[in-house]
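Visitor: I am new to this structure and should be grateful for a close look at a single part of it. Please begin with one pair of side chains and proceed outward from there.

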Amino acid sequence: QLKAAPGSTWTTYRTGLANRTSFRRADGRSVRLFAGGGASYRYFGTLRAVRVAATGSAGGVYTVNRVSIDHYTAGVVPREIPTSWPAAAVNAQAVAARSYGRYAIEHPLSSEYDICDTTQCQVYGGRAYVDAAGVWQMEDYGPAAAYTSNQVLTYRGPTIFAQFSASNGGWTVDGGQPYLTAQADPYDTAAIDPYITYTKAMKAAVVAQYYHLATVTKIEITQRDGNGAWRGRVLAGYVDGVDGNHKAQRIPTTGFELQAAFGIGTTWLRLLPG
């Protein structure tokens, strides 16, 4: 429930707007979008309301921000790197973020939008965020976007798929492109990267539930990528156990499935007895 400021009121100008109705400021300033709980966001460009479904339980809308690539880059940079880091590092992040966004424009996720704004893509915060108490947090960082304006990385013409991560554990992953080769990263060490020494205790019952087993008796890793400690990231293996009918099962699995079963953020793992 949104409350108007003292002495002011909300005015409804129009209802029943058509699907894909857009909103923008004629003066080029940011548009404010109110979310649940009283929080709001400010975005440059245009906001478009796209209906998910006309009727029924699937009804509702999602918001699409149509924005310039440099304003978009400014809204990504502070979400993916501390802007207090050296300017060269922040500028490099801006080029990577813009390249990732440009690649999405060339390979859009849907006919309605090019890219999402979460960690499933890269995190985009728009111009600013205002919490329910009215506290402003700037979500964009203009200097890096302006300094690197319109700069993207290309490979033989097209924009590259500019994958990046907060942690690679000392080795990057082969991304299936000539410019995304697996290679050692001597700068990502336990001294600066808390993820390298991360551990998690798991209950066998939780893993069994993921694989639809009554119990798990053994997990066998059969293939890794060969890069780094423990011979690298897990590619394949087996989960042995017993199903609900008391029958023994040997289930083939992948590193990504084990990652999901354990609820962790990587396939670079090893199993130790509890």
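**A charged pair and its surroundings**

Guide: Between Arg250 and Asp240 there is a salt bridge, with 2.9 Å separating the closest N and O atoms. The term salt bridge denotes a side-chain nitrogen of Lys or Arg within 4 Å of a carboxyl oxygen of Asp or Glu. Arg250 belongs to strand β10 (residues 248–254) and Asp240 to strand β9 (residues 234–242), so the pair ties together parts that are ten residues apart in sequence. Helices (H or I, at least four residues) and strands (E, at least two) are DSSP runs, numbered from the N terminus.

The model is a predicted one, in which local features need pLDDT of at least 70 and side-chain atom pairs count only at pLDDT 80 or more, while totals for chains, interfaces and linings use all residues. Residues are numbered from 1 along each chain as its sequence is written, and side-chain values use heavy atoms, with hydrogens and water left out.

The two partners are covered to unlike degrees: Arg250, at 42% relative accessibility, counts as partly exposed, whereas Asp240, at 13%, counts as buried. Salt bridges with shared partners join Asp240 and Arg250 with Glu220 into one network. Here buried means under 20% relative accessible area, exposed over 50%, and partly exposed in between (1.4 Å probe, protein chains only). Arg250 has a further partner, for its charged end sits over the ring of Tyr238, 4.0 Å from the ring centre. A charge sits over a ring if NZ of Lys or CZ of Arg is within 6 Å of the ring centre and within 35 degrees of the ring normal.

The structure holds seven salt bridges. One of them joins the side chains of Arg98 and Asp70, at 2.8 Å from N to O. This pair links distant parts of the chain, as Arg98 is in helix α2 (residues 87–106) and Asp70 in helix α1 (residues 69–80), 28 residues apart. Arg98 and Asp70 are both buried. Another salt bridge brings together Asp140 and Arg127, at 2.7 Å from N to O. Asp140 lies in the loop between β7 (136–138) and α3 (142–147), and Arg127 in the loop between α2 and β6 (128–130), so this pair ties together parts that are 13 residues apart in sequence. Asp140 is buried, with a relative accessible area of 12%, while Arg127 counts as partly exposed at 29%.

From charges we may turn to rings. The whole structure contains ten aromatic pairs. Rings of Phe, Tyr and Trp (its six-membered ring) pair if their centres lie within 6.5 Å; planes under 30 degrees apart count as stacked, over 60 as edge-to-face and the rest as tilted. Tyr72 and Tyr124 form a tilted pair, with 5.0 Å from centre to centre and 35° between the planes. Tyr72 is in helix α1 and Tyr124 in the loop between α2 and β6, 52 residues apart, and their pair thus joins distant parts of the chain. Both rings belong to buried residues, Tyr72 having a relative accessible area of 7% and Tyr124 one of 9%. Ring pairs also link Tyr41, Tyr43, Tyr72, Tyr124 and Tyr129 into a cluster.

Tyr72 and Tyr124 appear again in the largest nonpolar core, which has 14 residues; those with the most contacts inside it are Tyr72, Val76, Tyr100, Ile115 and Tyr124. The elements that give two or more residues to this core are α1 and α2. A nonpolar core is a set of buried Ala, Val, Leu, Ile, Met, Phe, Trp, Tyr and Cys residues joined through side-chain atoms within 4.5 Å. Leaving aside residues up to four places away in sequence, Tyr124 touches Tyr43, Asn65, Val67, His71, Tyr72, Gly75, Val76 and Asp117. Contact means heavy atoms within 4.5 Å.

Finally, there is one disulfide, a pair of cysteine sulfur atoms within 2.5 Å. This disulfide joins Cys116 to Cys121, with 2.1 Å from S to S. The torsion about the S-S bond of Cys116 and Cys121 is about 120°, so the disulfide is right-handed. Cys121 counts as buried, at 16% relative accessibility.
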